[in-house]
Each structure stands twice: as C-alpha cells, then as structure tokens.
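Here is a short set of exercises to work through with the structure open beside you. Try each task before reading its solution.

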Amino acid sequence: MMPGKTGFEVCRAIKSQPETRFIPVILVTGLSRVDERIEGITRGADDFLSEPVNKQELLARTRSLLRLKEFTNELENAETVLFSLALSIEAKDPYTKGHCDRLSNYSVAMAERLGLPPEQRVALRRAGVVHDIGKIGVPEHILVKKGPLTADEWPIMKEHPLIGERICSPLKSFRLVLPIIRHHHEKLDGSGYPDGLKGDQIPLTARILQVTDIYDALTTDRPYRAALSREAALETMHEEARRGWWDLSLIDKFEAFVAPTLPLFQVATP
C-alpha cells in the first residue's frame, strides 16, 4: 500500500501494456487477507509473498518465473519468424503490398462487430498475416504468373492452405489460427478447397477472413485488371454469394461498416 500509486496499480499498469505484459510480477506485501491476495491476482500478479519475506524463497520464485519468461520469449520469437516469413512472401508480389495488414484490420473489426470472444479476434489478427504462408511451397513462376493457371498448375496452388497449416501447427498458440489457414478457400456450395466443406462446416472465422480477402483482392490493382470501386467490389461479392460461394450475411455486415465516404482500406469505427 505505497503512497501515490499502490503496488496493485503498478502491477495492472505493467500487465495492461502489450510491451510489458509478459514481465513477471511478484507482489511483496504485509497484506494477508484472502480478498487482498485475490485482488493482486486479478491485477495480473504472477506470485504473491507476504512480509516478512524469506530471501531464499524470493530468489527461488524469481528464478522460476524468469525461466517461464524464457519460454514465453521463445514462443514470441517463433511467431515473429512466421510473421516475417509471411510478409516476405507478400513482398514477392508488388500487387499484394499491405494485403496482410489490411486483412488483419478488417477481420478483427468484423469480429468485434459480431461480438466474437477475444481469443478469436487474436486468431483472426494472426491469420490475416499468415493465411497464405503456405505459398512458400508454391514455385515462384506459378505464384507470380500474370495469366490464368493451367490444369497442371492449379493443383499445386491448391496445396498452399495445407502447407501453411503444417508450417504453423507446432505452435500451440496458433490452435485457433490453423482452421482459418486451412479453410479460407472453401466455398459454401462445397466447390472450394482443400476439403470441399459446405455451409456451416466452414468455421465462422474462416468465412470472415474470406469476405475480407475477397474485398481486398477486388479493390487492389492486379496484373489482369485494375482495382474495382467499393460499390463494384461489393456488387461482385453479392453476385458470387447468390451463386452459393460466400456467406451473404457476413458480406452485408462487412458492407455496413466499410464506410462509402472513406478511402479504400479504411474501416469505419464500430
């Protein structure tokens, strides 16, 4: 119970910032009531010691938390490598510059609109970046080809969701990301790939990424056509939804928050 900011408030400040939230915090205090300990835990404290503190016990607990922090650092490093790899693939094609960031922003905004839980929002943010990471296994002459793919080239391209899933599967923190990577090219009528899923068999998060992915593809310049306007892109998406490809209800919700008065790639605040 320090003067000014209390230890509880300092702990909450550390744990509320993305840059510092994984720093281990041990609260050392003379408070001993159960509700006070619970208060410390709810503020994010990793451990709680009552005074007087045994020096050896404090050092032992600190070392234990620092070992755990090392594991967390390794996990963050692995995610960073995957994100860098995904962005390096995007950089091979000048027409897709910024595509991953836009998909992350769009998808998270959609998830917030739909009231999805925080863990699914995080999964969509990550998936926006790594959804096409499997294209590292696609030969470059196919990946950047300006014309239509041949009958021999299409099966190779269709492998990229499976390759991406295998690349990301060792990370347990990507458990909710894997279905998005695997299924973001499925279609509601079962004509998509790689598994030919239909309707609600396609995870909601994958359907959300689909909608944002299609919109971004239509509203950016490509080798075979110029970018479409917002209105033309949404009309195309509605037409394809009527064919049974996409989730029309999600397209309607997406259209509602992509403000017509904003430049492309900006999302109205929900």
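**Exercise 1.** Is phenylalanine 254 buried or exposed, and what is its relative accessible area?

*Solution.* Keep in mind that you are looking at a predicted model. Step one is the cut-off: a residue counts as buried under 20% relative accessible area. Step two is the value: phenylalanine 254 has a relative accessible area of 0%, so it is buried. Step three looks at a ring partner, tyrosine 215, which is also buried at 0%.

**Exercise 2.** Describe the aromatic pairs, beginning with how many a search of the whole structure finds.

*Solution.* The search gives five aromatic pairs. For tyrosine 215 and phenylalanine 254, the ring centres lie 4.9 Å apart and the planes meet at 70°, so this pair is edge-to-face. The pair ties distant parts of the chain together: tyrosine 215 belongs to helix H10 and phenylalanine 254 to helix H12, 39 residues apart. Next, take tryptophan 245 and tryptophan 246: with centres 6.0 Å apart and planes at 80°, they too make an edge-to-face pair. Tryptophan 246 is buried, with a relative accessible area of 11%. Finally, look for a cluster: Tyr106, Tyr215 and Phe254 form one.

**Exercise 3.** Which charged ends sit over the ring of tryptophan 245?

*Solution.* Start with lysine 187, whose charged end is placed over this ring at 3.6 Å from its centre. Then turn to arginine 243, whose charged end sits over the ring of tryptophan 245 at 4.9 Å from the centre.

**Exercise 4.** Step back to the whole chain: how many helices and strands does the protein have?

*Solution.* Count the elements and you get 12 helices and two strands. Reading from the N terminus, the order is α-β-α-β-α-α-α-α-α-α-α-α-α-α. For burial, 40% of the 270 residues count as buried. For contacts, consider those between residues at least 6 apart in sequence: 56% of them join residues at least 24 apart. For the surface, the accessible area is about 14800 Å², and carbon and sulfur atoms account for 56% of it.

**Exercise 5.** Which residues have the most contacts inside the largest nonpolar core?

*Solution.* This core has 38 residues, and those with the most contacts inside it are Val130, Cys168, Phe174, Tyr215, Met237 and Phe254. Several helices each supply at least two residues to the core, including helix H3 (55-91), helix H11 (230-242) and helix H12 (248-257). The helix that gives the most is H10, with six residues. Now zoom in on methionine 237: apart from neighbours within four places in sequence, its contacts are Val211, Ile214, Tyr215, Leu218, Trp246 and Ile251. There is also a second, separate core of six residues, among them Phe8, Cys11, Leu27 and Phe48.

**Exercise 6.** Check the lengths of H4 and H5: what should each helix span at 1.5 Å a residue?

*Solution.* H4 has 16 residues and should span 22 Å; its end C-alpha atoms are 22 Å apart, so the two values agree. H5 has 13 residues and an expected span of 18 Å; its end C-alpha atoms are 19 Å apart, which agrees. Then list what is hidden. Among the buried residues of H4 are His99, Arg102, Tyr106 and Met110, while those of H5 include Ala123, Leu124, Arg126 and Val130. A last detail is glycine 115, which follows H4 and has a positive phi, near 75°.

**Exercise 7.** What surrounds threonine 205 and glutamate 153, leaving aside neighbours within four places in sequence?

*Solution.* Threonine 205 lies in helix H10 and counts as buried at 10% relative accessibility. Its contacts, with those neighbours left out, are Leu116, Gln120, Leu124 and Ile180. Glutamate 153 is found in helix H7 (residues 153-157) and is buried, with a relative accessible area of 12%. With the same neighbours set aside, glutamate 153 is in contact with His141, Ile142, Lys145 and Pro148.

**Exercise 8.** Where does leucine 171 lie?

*Solution.* Leucine 171 is in the loop between helix H8 (160-168) and H9. At 14% relative accessibility, leucine 171 counts as buried. Its C-alpha atom is separated by 8.1 Å from that of glutamate 79, and the two residues are 92 apart along the chain.

Key
Residues are numbered from 1 along each chain as its sequence is written. This is a predicted model: local features need pLDDT of at least 70, side-chain atom pairs count only at pLDDT 80 or more; totals for chains, interfaces and linings use all residues. Side-chain values use heavy atoms; hydrogens and water are left out. Helices (H or I, at least four residues) and strands (E, at least two) are DSSP runs, numbered from the N terminus. Buried means under 20% relative accessible area, exposed over 50%, partly exposed in between (1.4 Å probe, protein chains only). Contact means heavy atoms within 4.5 Å. Accessible areas come from the Shrake-Rupley method with a 1.4 Å probe; for residues, only the protein chains shown count as cover. A nonpolar core is a set of buried Ala, Val, Leu, Ile, Met, Phe, Trp, Tyr and Cys residues joined through side-chain atoms within 4.5 Å. The expected span of a helix is 1.5 Å times one less than its number of residues. Rings of Phe, Tyr and Trp (its six-membered ring) pair if their centres lie within 6.5 Å; planes under 30 degrees apart count as stacked, over 60 as edge-to-face and the rest as tilted. A charge sits over a ring if NZ of Lys or CZ of Arg is within 6 Å of the ring centre and within 35 degrees of the ring normal.
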